[in-house]
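Student: I am new to this structure and would like a close look at a single part of it. Could you take one helix as the starting place and then work outward from there, step by step?

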Amino acid sequence: MEYQKENSIIEAMQLEFPEAAFTVKKARRIEVKLPSKRLYDFAVRMQKKWGFLHLSAISCVDWINDGEFELVYHFWNYDEKVLVMAKIRIPREKGDSHFETISNLWQPAKFFERDIHEMFGIYFDGSEDMEGFILTDWTGPPPMRKDFITREYALNFFHYREYEPQWLKDMMAAGEGNE
Amino acid sequence: MDEKITQRSVWEKISAKLSKRSLWMLHYCTGCGAIELPPTMTARFDMERFGINPMVTPRQADILLITGYLSVKTLKRVVLTYEQMQAPKYVVGFGSCTINGGMYWNSYSTMKSLDRYIPVETYIAGCMPRPEAIIASFNELINKIDRGEANSWKDYYNNYNFYKENQEHTFEGPIETYNDIKADAALFNIK
Amino acid sequence: MNTVLWIVFLPILLFVIGTFMLGYSRKYVARIERRYGPPIQQVFYDIFKLMSKKTNISHGWMHDFAILMLLGGTLLTMYFVPVPGFHFFAQYGDMLVIMYILLIPALGMALGVGETANPNGSIGISRALMMLAGYDIPFVLTFIGFAMINHTTSMYELIQVQQAGGFAGWGLISQPLLGIAALIALQGMLGEKPFEVMVAPHEIATGPMTEMGGKFLGIMMIQHAISIVVELTIYINLFLGGAVNWFDYLLKLFILFTALISVNAVFGRFRTDDAVRFMWKIPLPLAIIGILFIIF
Amino acid sequence: MSIVSNLLLLTLLGVLLNVIFYKSEVVQKYISLIIFAILTYLSIVMYPLVGSHFEIPFLIAGQHIGFTITYLNYYFALMITGITLLTVIFSLKFIKGKEGNTHYYTVLFLKTFGMLGVILSSDLLTFFVFWEIMSWSTFALMSTGGEPAHRSAFKYFVFAVTASMILMAGVILSYSLFGSFDFAVIHGKMASLSLPMTGFLLTIFITSFSIESAVFPVHSWLPDGYSNTFTTFTAYLSGISTRIGIYGIILFLFGVFGIQTVDKLGIIGKINFRYVFGIFAALTMIVPTFTALYQHDAKKLIAWHSVGQGGYMLIGLASGSALGIAGGMFHVLNHMAYVVLIVFAIASVEYRTGTTNLNKLGGLIKKMPVSYLALLFGIIGLAGLPPMNGFVSKWFIYRALILGGYPFLAIAAVIGTLGTILSVYKLIHNMFLGQLPERYNDVKEVGFSMQLPMWILMIVVLGLGVYPGLAMGLIAKIQVSLGLAAVPYALHGIKAASGQLDMLVVSAVFIGGIAVTWIIYLLGNRRKHVGQYNNYAGGNFLNKSVAYNFNYEFYAALEHVIDPYRKKIIERTERGIASVTDAVSEYIRRIYTGMINTYGIYVVTAFVVTIIILKELI
């Protein structure tokens, strides 16, 4: 098997996390699916035991049909030069989905979690500050959630210029416009 | 804003002819248009020929260049800077983002048309106009000043309510710029 | 009678010369950057536009009075510096008086800018005063050297002495060290590029002029134009043998100014402490050695 | 009852009354106000009596001792009583309720008594006695006002004791040489003295007066001493107290020794006693002024400046020419006027805001315009810019140095002036300009009783600036009385052949310039006054929480340039002096061994030695 290095890492993790599903996406890319309760232990071992010192990002995917958020933690190992993407699913309540913070392990996690809180509304218990990050004066719902329709919000919040020049009307009449 | 151009006295004509030759531009680099300005200023297009100089503070500037999209946060700073400028002042909107939202037309956080918040003198179409278009618009502005039609700044003083209402709607509340526009209109008797 | 005429028309004359010189300097710098540059009378347009601004803001009575003190101080200096054909006031005050009057506009602007309560302004003023400490010591030393040779502190007499000696009598020729030291110090006094730490537009938003708009900035530009001519005239009177007639005066003014702005056009800006260190490392020892030559 | 005894007895009366009524402030206040008013009146009226001599009835060591009035001490008496009156008026309200002010007025009376005695004395003995009273009362004056004052007052005490010891040595030596204490007699017999002995005697007297007037190497007591007491005392001390040392130098250099004898003390060519003294004065001008740049406490900054300005007075006297000496003497009056004005402004700021820390103040011009104007007049005077009086005396000193052929002393004066301009702008900027911090929003202007002295001093500073002739008349008389050439003065400047200064024309043209600019200003359109938060801050919104003043390390770049020199030269010299004194005092300490028999041996040897000496003499 050519993914010799990746599989040896997976074996090491498999012993401690039997319930996790490990797959090798391609060279140096490993995907791990595990239950959300186990993530914190997994993160501790990643940093302390297996040498994945770099948490490059926490991203969030909004599975609106399954009613779940998916949090993806990207861990990097400098020596092995391998990326492990730990994926967990948390329920998607309307306004108050919660998860635990890992900012005590990694400092940058504070900002990733703050950003996800602002954009998706997930509250990370134990994180230092959870106020607005980039959208300081934003009072609307978290904008990245699938149930927030930006087009509809923009149309009735902002004013659009009525622009009906003659050339556009002729073009529309001739049916070339895609609308 | 196309009210009748009142009959101008000889002195106003002379002063328009003289002050049109010296316009100082405060380029408020909000969006991607700011990168078009260095070539306009330097050797190839050289806008200093028309007496247009880049200036750093709003107190000294006559033209406010809004170069690109404006998120609501930046729009607050733009309104503050506009009120800090000294009349007569002219706003030039760069690119389609200031005209009708541009490619951010359906974004939840960018304003869609600039002239609802501050009176705009000239727009330059294009998703970042080239230096030739910028210089053409400056010439257009110079001619308007010469003809005495560049009076959009008076509109801000005369019907301030229209602008204030839009601003407060978008900012969800008034912003503190320490300028009492109505009192200024009376003090400087801007008709 | 003609002194009254001189008194009335000298400021206007120097203002016109100064403004044309500024316009010429902008075109000169533009040509070095291979572009056309504004017309010669551009600075007149700028000043007219600033003076005709509809709204002007100021931060208090000291801000207004500072503007009066600024241009008033420069006009005062202008009257005391002998110009070909007019030295009526030179008898009432000598070079020492001129050295001190030169500081009144700087102090006036400092106080006005202080009141605008803008941190950029305060930083600009502290830089301007540090630069003043830098260039003023060598400049006054060169003057002390001359005054000691001729046993007089009156500028008019110094001109007579230089003109008596013909070309060899010029300050620059008879005391080359003092002349060069004063030339470098003059570059700092005019605020030209290598020493333009005061109006650093990129770092501190034009420094002291941050809150100056409309007619305040207009009067500052008028003052800048006149003060350039006055400072150049001081250098001409001390080192280039004064001026016999107006053509000779304008020629010297033109050559000296071109020399200075060509340095200005090609140099970047020093950091403030480097600028002061430069002023105390190069022109100051030059001036001291020059004075040593005079004594022994 | 002669006028001199009236003056002295009246001050003693003041001391007595204040000690009796030390309980109630109100009584003390009005007593001292009345007595000082009478004193000022008396000293003004003293003018016709110049030249009269008053003797104390009984004899001491076969000598008549007493007082005399000359133009010089009339000039100083006028200054002393004038400034004390203004300080008392200012501190009527300033001192009310401040802790430790019970003996405020008594100490002030004691000090005035000492100073009047010193300047009116006509012979060395009374001079020395009143000098002691004065230095004691200065020590008392400096120690009022809290804990740090005691330490710095003790530092002054050490310097003052050495100064008085040197002075006493001088008094005894001159008595043994001339057989009389009286100045006139000494002046007469001066020619009979051998050259090295006159040099030695002159150095003794000049060093003791230099310590009192804080010349460079021995100036370190002044900045702490003056800044830790009440601010009104800082004004009083830096205004007139150090200038008694200058009085002593003028009296001895020109009155007792005479300019001819001093010039005889030449070493090589140009380098004579006056030139060496000039070098010390030059150092006094440069080092303190540039140290003042670093201070962030207003009182310390001004204390360093009063040391620096002392250098200008001394260099004027050292130049030896009529113009220079007149400049030095005129600078004493000018400095007194504008430094007291500046410190009164600082005191009114402290009275309202409670602090003089320059890093914490700012923007007070909006709330205290009169104090701002007072400080503005003061700093223009201190920096020496034309319309104010500081410029006139500096112009004299500059001209004297240049025409007298002292280039390096002139260079020091130039460097000193620039140091003053920089640190003086920092003072007015950090206190009155910039943004007003939130906590000083309800500060009000000071009351009339504190404003009156400021207005008077402003008129004096501007008046002397435009019409220096008012004071030059008296100074010319002093020069003649001391046997020097009088300075060719006119009502508004100098009307000498070699060069002319006409302050009236300079001020008139300046006013003309301002009028022309005012017309141009009116050509423009109206202007609107805006608050401090309506300001350009890169598009940010300014409010109370964001208020920012550029006060801390105002001249950081210049400090980077100066620091290497400052650390290397000045600190090393000070450390050198300290280690030398330590070693010497350590060695002397060994004498006191504490065992009785060593003391016995000392007594015996002393006895034997005296017998031997007496045997030779008999």
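Tutor: Let us start with helix α21 of chain D, residues 503–523, in what is a predicted model. At 1.5 Å a residue, the 21 residues of this helix should span 30 Å, and because its end C-alpha atoms are 30 Å apart, the expected and the computed span agree. Within α21(D), the buried residues are M503(D), V505(D), V506(D), V509(D), F510(D), G513(D), I514(D), T517(D) and Y521(D).

Further along chain D comes strand β8, residues 527–529, which runs parallel to β1(C) and is joined to that strand by three bridges. One pairing to look for is that of I57(C), whose bridge partner in β8(D) is K528(D).

That pairing leads to the wider meeting of the two chains, in which 68 residues of chain C are in contact with 60 residues of chain D. On the chain C side, the elements that give two or more residues include β1 (56–58), α3 (61–80), α6 (119–150) and α14 (283–295). Helix α6(C) supplies the largest share of that side, with 15 residues. Sorted by kind, the residues on the side of chain C that touches chain D are 38 nonpolar, 21 polar and nine charged. Four pairs of chains touch, and among them the pair formed by chains C and D has the most contacts.

A single residue gives a closer view of this region, namely M148(C), which is found in helix α6 of chain C. M148(C) counts as buried because 21 other C-beta atoms lie within 10 Å, where the cut-off for a buried residue is 20 or more. Setting aside residues up to four places away in sequence, M148(C) touches I294(C) in its own chain, and I402(D), G405(D) and P407(D) across in chain D. In sequence M148(C) and I295(C) are 147 residues apart, yet in space the distance from C-alpha to C-alpha is 8.8 Å.

From here we can turn to the nonpolar interior. In soluble globular proteins, nonpolar side chains tend to be buried together. The largest nonpolar core here has 314 residues, and the members that touch the most others are V340(D), L341(D) and I342(D). Helix α15 of chain D, residues 322–353, gives the most to this core, with 21 residues. If neighbours within four places in sequence are left aside, L341(D) is in contact with A374(D), F377(D), G378(D), M454(D), L457(D), M458(D) and V461(D). There is also a second, separate core of 50 residues, which includes I66(B), L75(B) and Y157(B) together with F550(D).

Chain B also meets chain C, where 27 residues of chain C are in contact with 21 residues of chain B. On that side of chain C, α2 (42–51) and α11 each supply at least two residues, and the largest share, five residues, comes from α2(C). The residues of this side divide into ten nonpolar, nine polar and eight charged.

Chain A, by contrast, touches neither of the two chains with which we began: no contact joins chain A and chain C, whose closest C-alpha atoms lie 26 Å apart, and chain A does not touch chain D either, with 14 Å between their nearest C-alpha atoms.

Within chain A, five strands form an open sheet with mixed pairing, in the order β1-β2-β5-β4-β3. The strands β1 (21–26) and β3 (54–63) of chain A stand at the edges with a single partner strand each, so one side of each is left without a neighbour in the sheet. Direction ignored, neighbouring strands of this sheet are turned by 20 degrees against each other on average. Strand β2(A), residues 29–33, runs parallel to β5(A), residues 82–91, and five bridges join the two; K33(A) stands opposite K87(A) in β5(A).

Two helices lie across this set of strands. Helix α1 of chain A, residues 4–16, lies across β1, β2 and β5 of chain A and runs at about 165 degrees to β1(A), whereas helix α3 of chain A, residues 109–120, lies across β3 and β4 (68–77) of chain A and runs at about 15 degrees to β3(A). Last, helix α5 of chain A, residues 166–173, is hardly covered, since the count of buried residues among its eight residues is zero, and α5(A) is followed by G175(A), whose phi is positive, near 80 degrees.

How values were computed. Residues are numbered from 1 along each chain as its sequence is written. Chains are lettered from A and ligands numbered from 1 in the order in which they are written. This is a predicted model: local features need pLDDT of at least 70, side-chain atom pairs count only at pLDDT 80 or more; totals for chains, interfaces and linings use all residues. Two residues are in contact if their C-beta atoms, placed from the backbone, lie within 7 Å. Helices (H or I, at least four residues) and strands (E, at least two) are DSSP runs, numbered from the N terminus. Ala, Val, Leu, Ile, Met, Phe, Trp, Tyr, Cys and Pro count as nonpolar, Asp, Glu, Lys and Arg as charged, and the others, Gly among them, as polar. Two strands pair if DSSP finds at least two bridges between them. A nonpolar core is a set of buried Ala, Val, Leu, Ile, Met, Phe, Trp, Tyr and Cys residues joined through C-beta atoms within 7 Å. A residue is buried if 20 or more other C-beta atoms lie within 10 Å of its own, exposed if 12 or fewer, and partly exposed in between; C-beta atoms are placed from the backbone. The expected span of a helix is 1.5 Å times one less than its number of residues. Axes are lines fitted to C-alpha atoms, for helices over the stretch in contact, and angles run from 0 to 180 degrees between N-to-C directions.
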